[in-house]
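Work through the exercises below with the model open beside the text. Try each task before reading its solution.

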Amino acid sequence: MTTATANHDDHADHGHHGPAKGIMRWVLTTNHKDIGTMYLWFSFTMLFIGGAMALIVRTELFQPGMQLIEPEFYNQMTTMHGLIMVFGAIMPAFVGLANWMVPLMIGAPDMALPRMNNWSFWILPFAFGMLLFTLFTDAGAPNFGWTFYAPLSTTYAPSSVTYFIFGVHMMGISSIMGAINIIVTILNLRAPGMTLMKMPLFVWTWFITAYLLVLVMPVLAGVVTMMLMDIHFGTSFFDAAGGGDPVLFQHVFWFFGHPEVYIMILPAFGIVSQIIPTFARKPLFGYASMVYATSSIAFLSFIVWAHHMFTVGLPLQAELFFMYATMLIAIPTGVKVFNWVSTMFRGSMTFETPMLFALAFVVLFTIGGFSGLMLAIAPADFQYHDTYFVVAHFHYVLVPGALFGIIAGVYYWLPKWTGNYYSEKLGKFHFWMSFIGVNVTFFPMHFVGLAGMPRRIPDYALQFADFNAIASVGAFIFGFSQLIFLFLLIKTILGGEKATDKVWEGAEGLEWTIPSPAPYHTFAEPPHVK
Amino acid sequence: MFSRTWQRLSSVVLGLLTVPTALAEWDGNMTRGVTEVSQSIFELHMLIFWICVWIGVAVFGVMFYSIFKYRKSKGAVASKFHESLGLELLWTAIPTIILIAMAVPATSTLIKMYDTTNADVDIKITGHQWKWQYDYLGEDVGFFSNLSTTKDEIYNRIEKGENYLEEVDKHVVVPTGQKIRFLITSNDVIHAWWVPDIAVKKDAIPGYINETWALIPEGEEGLYRGKCAELCGVQHGFMPIVLEAVTADEYQAWLGDQRAGKVAEAAAALGDFSYDDLMTEGAEVYARNCAACHGSEGQGMGSVFPALAGSPIAINDMAGHIDILINGRPGTAMQSFSAQLTDVEIAAVITYERNAWGNDTGEMATPQMIIDAKK
Amino acid sequence: MTLKLPESGTQSGPKLSNTALKLVLAAIAMFGFGFALVPLYDVFCEFAGINGKTAGKVEKVEQWVDTSRTIKVQFITTNNDGMPWEFETLQEEVEIHPGAWTQVAFWAFNPMQNDMVGQAVPSVSPSEVAQYVQKTECFCFDQQKLKAGEGRDMPLIFSLDPDLPDHVRTVTMSYTLFDAGDFAE
């Protein structure tokens with residue numbers, strides 16, 4: 001019994017220790033809650049930086065003519081905006097939420113590989129520091145679009161392209177390590193009784209997303225390595241002069257790129273699948289079907305990539321195949337939307353801020369899905385491709401889609417993290433301003449694209465002026481509304497009405513069985529799941 | 001006979017029925033265009049659009065109904081049901097059927113779009129940074145087409161013209177009633193040639209040739225404006241297309257004019273030119289072809305495009321100056337202009353560059369000097 | 001099942017490192033797969049006869065000539081950026097029977113003060129015709145070296161396989177000339 005007491009004492013000591021003090025706590029932490037917090041603050045910072053770039057773009061586009069910046073700088077802004085939002089804001093935010101919530105949801109004490117977890121995070125500030133630094137060099141930042149097609153990004157690129165490549169490599173390693181961590185954690189550290197089909201949907205969607213990351217991030221690493229070799233080592237992967245092919249670039253890039261966009265949305269599907277049942281006080285409709293639908297989407301995402309290349313000169317059979325496969329993805333996606341709506345139907349709903357964002361997600365993501373279905377029709381795509389219709393589509397699925405999903409998750413879990421309820425009034429204000437802002441910004445883009453305005457242009461013909469002006473106003477509304485969110489977050493961290501363990505009346509899951517705020521170490525002993 | 005409610009309802013419904021037509025003609029919608037293909041595409045677009053609208057109405061209908069009826073504040077009590085295999089199968093099967101229905105017309109339109117056989121006219125289109133080049137195969141006609149909107153308009157120094165950013169110095173002229181085959185490639189990076197009214201868009205890829213076609217019916221003569229549709233560098237937004245569709249007879253006449261024009265240009269080069277003639281023409285050529293990179297005051301753009309004001313080539317090295325215009329500077333963005341500009345234009349722009357912005361060499365490059373340098 | 005689970009901050013268990021190892025191997029394999037896509041792309045295009053790339057040199061063989069139809073073959077030349085050579089086709093188009101061996105010529109001239117190396121890259125339209133184009137001699141097979149001020153005729157000997165589908169009436173053979181100085185052999 002002496003050993004047991006000694007052990008108990010050890011545990012007690014350790015439990016009352018709490019985290020280290022000062023900055024070294026954050027540099028050295030292997031705690032999933034700390035790391036989750038760092039990812040979230042990092043991604044929020046990136047959101048503001050990428051957002052500032054968007055506002056520069058929208059200011060220039062407010063009227064026809066060049067008013068604010070030169071076309072050269074404009075191309076840098078659009079490129080960096082895309083890179084920062086995709087790789088610096090959306091992806092790390094989802095990783096942050098995963099870090100915080102996956103161990104709690106499966107009853108694990110932490111992630112399976114905590115030290116690798118620390119490295120995964122700390123790579124990111126270095127990678128993005130390097131990328132942002134190029135803005136201040138003579139040659140300027142990357143200016144070839146976030147999709148960096150060759151040869152514009154190889155033979156014709158500014159010297160910053162090398163920093164860009166290294167940044168992508170670093171960020172890719174971070175993502176791959178993070179994804180491995182998540183898979184290993186989910187496979188090995190679930191509490192006894194939690195079978196795979198009892199896992200919360202957020203865990204399922206992240207589980208599938210992690211596999212996608214492990215499979216496609218290396219392909220991205222491959223394509224930027226090929227770029228590096230073409231630029232510096234005399235190879236000609238993408239240069240016809242040496243026997244290469246610029247179209248090969250597009251195939252390899254989009255082989256990564258398409259699964260990438262599902263990587264950016266599946267976790268949001270998971271978040272929304274947690275929130276709606278809570279606030280409808282009704283179990284998620286069709287749990288198994290949701291799991292199968294998410295898995296089908298993930299499988300299908302590997303065979304649709306060339307729908308980004310319909311005008312490149314693909315042979316007819318290839319064009320038809322990719323059109324059919326892309327249309328097919330609409331089916332499991334639709335099934336998910338029907339399941340969410342069926343969860344609401346005959347529920348007992350209240351409309352706290354997480355629910356508002358989740359409901360807006362369902363409507364607005366679906367609208368983005370509709371424009372996606374239109375884009376899938378290859379003949380029609382010849383008129384949509386590389387226009388603002390595409391810009392409207394992907395901003396609908398990424399902003400009121402992925403970003404609203406993230407924000408909903410933050411509001412949902414914030415009381416658990418901080419121990420304080422946020423101000424519901426402020427939250428609702430943030431919601432309505434964001435909802436209005438996002439629609440005023442992106443809905444007009446459908447029309448201006450259909451009317452013939454191409455993407456990635458700093459100036460446009462006169463008939464596009466009115467809708468561009470509206471979109472620019474919306475962008476400022478949306479951008480500045482996020483300051484409300486910043487204010488609310490800081491206010492809530494500093495204090496507020498104390499939150500209960502369960503936080504929300506309809507909440508179900510292991511994360512709601514621990515105190516709010518969540519203790520530094522949780523589930524040292526695994527809970528039993530029935 | 002019908003109650004007030006029915007009357008009101010039918011007015012609303014009838015009113016809504018005008019929406020599809022209104023929507024179709026609205027300029028915030030895709031253009032119907034002037035060819036059979038563009039109209040098939042427009043119809044596919046409207047079909048998938050309405051399918052999405054009706055699905056949206058159904059889904060959001062149930063959703064908003066639930067939001068209003070099933071709220072806790074109204075006393076709603078949550079049911080417990082949470083699965084139904086039947087429903088899952090139903091709402092998997094119905095979308096599948098709708099999509100198969102969509103795929104059929106989409107497939108036949110795509111097959112039509114890929115059929116480039118039996119063309120009457122072949123035009124090779126080469127994308128450059130940042131202009132288009134057109135060669136009429138078998139006709140000995142070829143030219144470059146540059147944006148003609150002025151920098152003054154772009155930089156808000158003067159009022160913008162009606163066709164701001166959609167106008168060029170030379171239109172690509174095509175006959176109506178004949179099948180035109182476009183062979184598209186690029187000189188440097190990937191561009192894309194797009195004219196919405198004929199629903200033609202194809203990437204221009206360096207080293208590769210892409211093929212597409214259009215047939216503008218007789219009666220649809222007119223101007224159709226298009227754009228570059230693939231990011232190709234700094235001036236991607238400034239290289240539009242103007243397609244001019246004319247009758248077959250007018251087309252033949254135009255071809256003849258073009259050939260005659262080339263002969264006349266060559267002859268003109270042998271004539272006499274005064275310093276003032278060359279300076280005037282040189283300023284125009286410069287504004288149209290050089291200012292985009294070298295700046296309207298010859299100031300260049302950072303380290304990327306060298307300044308011409310005060311540059312040794314423009315002040316000292318006449319032979320080098322001529323050589324760089326004719327052959328370009330390999331390894332840089334400075335292309336050869338011998339195909340794009342006539343001998344007179346090259347001589348004029350060199351004269352202008354050697355005397356403007358304080359360069360003041362007093363020297364003149366004559367067209368004969370250009371002809372000699374090309375030998 | 002009672003598991004002694006690791007405390008936060010420690011790693012243990014052969015099971016964890018097993019899964020992790022498999023995933024790392026998967027990631028490395030996918031990196032390799034990205035590179036494998038390069039030859040795979042060419043193999044697939046050749047196999048499916050798409051992409052407009054013609055195959056390499058073939059031996060000249062006697063073959064059946066399909067005199068029942070003639071195909072118009074057009075030739076186009078393009079100079080890539082920074083390639084100042086004169087590069088022209090000496091005949092804009094020919095009418096040939098599938099199966100008949102045909103010779104055409106191109107002209108290239110280097111006007112610069114320095115020696116240069118050029119590489120011509122072929123592209124065929126419609127792209128599915130590429131698999132039916134057979135060449136026994138083509139200036140596109142090798143790099144072409146031209147001294148300063150030198151010019152020469154460059155021959156192309158080719159035929160269209162008699163299996164060419166019936167609906168094909170016009171074939172366009174395009175050559176883009178690149179400055180191959182960076183890739184000089």
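**Exercise 1.** In this predicted model, find which residues have the most contacts inside the largest nonpolar core, then list what Ala408(A) touches.

*Solution.* Step 1: the largest nonpolar core holds 298 residues. Step 2: the residues with the most contacts inside that core are Ile90(A), Val272(A), Phe361(A) and Ala408(A). Step 3: for Ala408(A), leave out residues up to four places away in sequence. What remains is Ile271(A), Val272(A), Ile275(A), Pro354(A), Phe357(A), Ala358(A) and Phe361(A). Step 4: a second core, separate from the largest, has 17 residues, including Val285(B) and Leu325(B).

**Exercise 2.** Describe the side of chain B that touches chain A: which elements supply it, and which classes of residue does it hold?

*Solution.* Step 1: 73 residues of chain B and 75 residues of chain A take part in the contact. Step 2: α2 (36-69), α3 (85-113) and β7 (200-204) of chain B each give two or more residues to this side. Step 3: α3(B) gives the most, with 14 residues. Step 4: sorted by class, this side has 41 nonpolar, 20 polar and twelve charged residues.

**Exercise 3.** Do the same for the side of chain B that touches chain C.

*Solution.* Step 1: the contact joins 24 residues of chain B to 23 residues of chain C. Step 2: at least two residues each come from β1 (121-128) and β5 (179-186) of chain B. Step 3: β1(B) gives the most, with three residues. Step 4: the classes are seven nonpolar, 13 polar and four charged residues.

Key. Residues numbered from 1 in each chain as written. Chains lettered and ligands numbered in written order. Predicted model: local features only at pLDDT ≥ 70, side-chain atom pairs only at ≥ 80, totals over all residues. Core = buried A, V, L, I, M, F, W, Y, C linked by C-beta atoms within 7 Å. Buried ≥ 20, exposed ≤ 12 C-beta atoms within 10 Å, placed from the backbone. Contact = placed C-beta atoms within 7 Å. Helix = DSSP H or I, 4+ residues; strand = E, 2+ residues; numbered from the N terminus. Nonpolar A, V, L, I, M, F, W, Y, C, P; charged D, E, K, R; others polar.
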